[in-house]
Amino acid sequence: MSRIEEKFLETFGEEPDLVAAAPGRVNLIGEHIDYSDGFVLPFAIKDRTLVAARKRSDSTVRIASAQRRNKVVTVDINQVKPGLKGEWERYALGVLWSLGVKDGVDLMIDGHVPLGAGLSSSAALECSVATAMNHLFDLGFNLEELARLTQKAENQYVGVPCGIMDQSVSLMATQGSALLLDCRDLSTKNIPFDVASSGLELLIIDTQAHHALTDGGYAERRASCESAVAKLGITSLRELTIEKLQESSALLTETEFIRVRHAVTEMKRVLDCVDALSASDFEKVGQLINQSHASLRDDYTVSCPELDTAVDAALAAGALGSRMVGGGFGGSAIALIQASKTTETIKAIEKAFSQKGFKAPRFFTSLPSQGAELLSRR
Ligand code: ADP
Ligand code: MG
């Protein structure tokens with residue numbers, strides 16, 4: 001029996017019907033543009049969240065997480081609606097709600113994606129539960145539908161206005177590739193991203209910084225993009241080019257202009273990065289990653305001293321490229337480095353953090369991994 005099956009048995013007294021898993025993600029490039037109908041280029045990391053599930057014959061939902069001391073939360077499925085108070089379990093209950101589950105179920109969660117590190121443990125949790133429910137109740141949703149429904153759970157049930165990227169990549173990623181995702185229609189293309197055979201490594205640096213601003217800051221950035229869209233009379237920033245933006249600059253406030261400039265230039269960088277990857281031109285990939293960071297720091301202003309320190313130290317230690325990833329104001333940065341320089345780069349970043357009196361960062365490396373899957377079924 002696997003660890004999660006044992007935990008399920010210990011907690012609920014029976015064996016689960018099935019076990020599903022979904023990974024966290026890192027976005028190589030294309031930051032803060034999923035909600036502007038842009039392109040993004042994330043990949044799934046090896047760390048994932050497992051869920052074991054069992055059907056019940058009544059309307060009770062019981063749910064526990066190994067990361068929450070296995071404490072069981074019990075609720076009637078008929079009460080599972082937005083507005084129901086709760087804590088972490090809302091991420092899972094929101095998925096039951098958005099998928100239209102009407103029956104009772106027992107759920108045991110065991111997550112290996114670091115929580116709140118910008119690696120999207122929230123999407124890993126939602127997508128593992130969605131995958132489990134889709135199989136357990138034969139719901140028949142395809143991956144695009146599951147992406148929309150898990151996003152709906154986070155937006156409307158948990159109340160976090162996230163875009164569609166995290167859930168899409170957690171569900172649709174394939175091993176050895178980054179996922180080019182068109183956030184307008186959710187069409188995808190696997191882009192081979194073979195860092196290992198080029199002697200490279202992707203270092204993930206969790207700064208462990210969480211600046212309180214996060215939620216308000218994210219909403220404010222989205223609002224700027226939305227007001228710019230309205231003023232420019234377009235349906236999304238996807239329609240804009242940098243030339244058109246410059247011609248219409250008088251219509252926008254200075255803040256709207258620089259926010260939109262980030263979005264428009266970042267969309268182009270994603271497509272340039274796909275070309276660079278196709279040509280295995282990792283120098284170019286590194287430059288694009290650096291430009292992305294500069295744009296997020298200076299135009300979108302979502303970086304913070306810890307993220308900038310990580311990026312600068314990685315580059316000083318010889319990284320090909322480095323940038324903040326995720327929402328910003330803390331969380332993680334990535335660095336594309338020579339695999340042989342991993343230890344040296346980690347030491348350089350640790351030193352820069354201690355010199356500035358920052359809490360020590362955590363480091364992870366990950367090759368592009370597989371998306372959500374059913375692991376076992378009785
Ligand atoms: P991120 O998605 O970057 O990790 P979020 O703040 O969006 O950060 O999501 C983290 C939250 O998701 C946690 O605070 C918790 O509520 C919930 N969560 C994620 N994974 C688990 C888990 N394995 N067990 C319990 N809660 C989890
Ligand atoms: Mg999240």
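A residue counts as buried when its relative accessible area is under 20%, as exposed when it is over 50%, and as partly exposed in between. Keep that in mind as you click around, and remember that what you have open is a predicted model.

**Stop 1: strand β6**

Select residues 105–111, which make up β6. How many of the residues of β6 are buried? The count is 7 of 7, so by the under-20% cut-off this strand is mostly covered. Now show the side chains. V105, L107, I109 and G111 point one way, D106, M108 and D110 point the other way, and every one of these is buried.

Next, bring in the neighbours. Select β3, residues 42–55. β3 and β6 run antiparallel and are joined by 7 bridges. To find one of them, click V51 and look across to I109, its bridge partner in β6. Then add β4, residues 60–65. Which way do β4 and β6 run, parallel or antiparallel? They run parallel, with 5 bridges between them. Here, R62 is a good one to click: its bridge partner in β6 is D106.

**Stop 2: a side trip along β3**

While β3 is on screen, pick out L50, which is found in this strand. L50 has a relative accessible area of 16%, which is under 20%, so it is buried. If you'd like to try the distance tool, go from the C-alpha of L50 to the C-alpha of T174: the two are 124 residues apart along the chain and separated by 18 Å.

**Stop 3: strand β5**

Go back to β4 and add β5, residues 73–76. These two strands pair in the antiparallel sense over 4 bridges. One bridge to look for is that of T60, whose partner in β5 is D76. Which side chains of β5 are buried? V73 and V75 are, and they point to one face, while T74 and D76 point to the other face and are not buried. Compare that with β6, where the residues pointing either way are all buried.

**Stop 4: ligand 1**

Now select ligand 1. The space it takes is the largest pocket. Two elements give two or more residues to the shell around ligand 1: β6, where you started, and α3 (121–136). The largest share, 3 residues, comes from α3. In total, 17 residues surround ligand 1, and the closest are S65, Q67, G116, S121 and S122.

Zoom in on three of those side chains:

- S65 has a polar side-chain atom 2.7 Å from a nitrogen atom of ligand 1.
- Q67 has a polar side-chain atom 3.0 Å from a nitrogen atom of ligand 1.
- S122 has a polar side-chain atom 2.9 Å from an oxygen atom of ligand 1.

How much of ligand 1 does the protein bury? Taken alone, the ligand exposes 560 Å², and the protein buries 80% of that.

**Stop 5: two loops beside β6**

Click S120, in the loop between β6 and α3. Its phi is near 65 degrees, a positive value in a residue other than glycine. S120 is at 8% relative accessibility, so it counts as buried.

Then move to the loop between α2 (90–99) and β6, where you'll find G100. At a relative accessible area of 31%, G100 is partly exposed. Its C-alpha atom is separated by 9.1 Å from that of L139, which is 39 residues away along the chain.

**Stop 6: strand β7**

Select residues 177–182, which form β7. Here 6 of the 6 residues are buried, so this strand is largely enclosed by the rest of the structure. S177, L179 and L181 lie on one side, and A178, L180 and D182 on the other.

Add β2, residues 39–40, which runs antiparallel to β7 and is joined to it by 2 bridges. V40 has L181 as its bridge partner in β7. Now add β8, residues 188–192, which pairs with β7 in the antiparallel sense over 5 bridges. Look for A178 standing opposite I191 in β8. β7 and β8 make a hairpin with 5 residues between the strands, and L186 there takes a positive phi near 65 degrees.

**Last stop: Q208**

Finish in β9, residues 200–210, by clicking Q208. This residue is not a glycine, but it has a positive phi of about 60 degrees. Is Q208 buried or partly exposed? At 23% relative accessibility, it counts as partly exposed.

Key:
Residues numbered from 1 in each chain as written. Chains lettered and ligands numbered in written order. Predicted model: local features only at pLDDT ≥ 70, side-chain atom pairs only at ≥ 80, totals over all residues. Heavy atoms only, no water. Buried < 20%, exposed > 50% of the residue type's maximum accessible area, 1.4 Å probe, protein only. Pairing = 2+ DSSP bridges. Near = heavy atom within 4 Å. Polar contact = N/O pair within 3.5 Å; in protein donor to acceptor, adjacent residues only side chain to side chain. Areas by Shrake-Rupley, 256 points an atom, 1.4 Å probe, with all protein chains shown as cover. 1 Å grid on protein atoms, 1.4 Å probe; cavity = no way out; pocket = protein on both sides within 12 Å on 5 of 7 lines; lining within 4 Å. Sits in = over half its atoms within 2 Å of the grid points.
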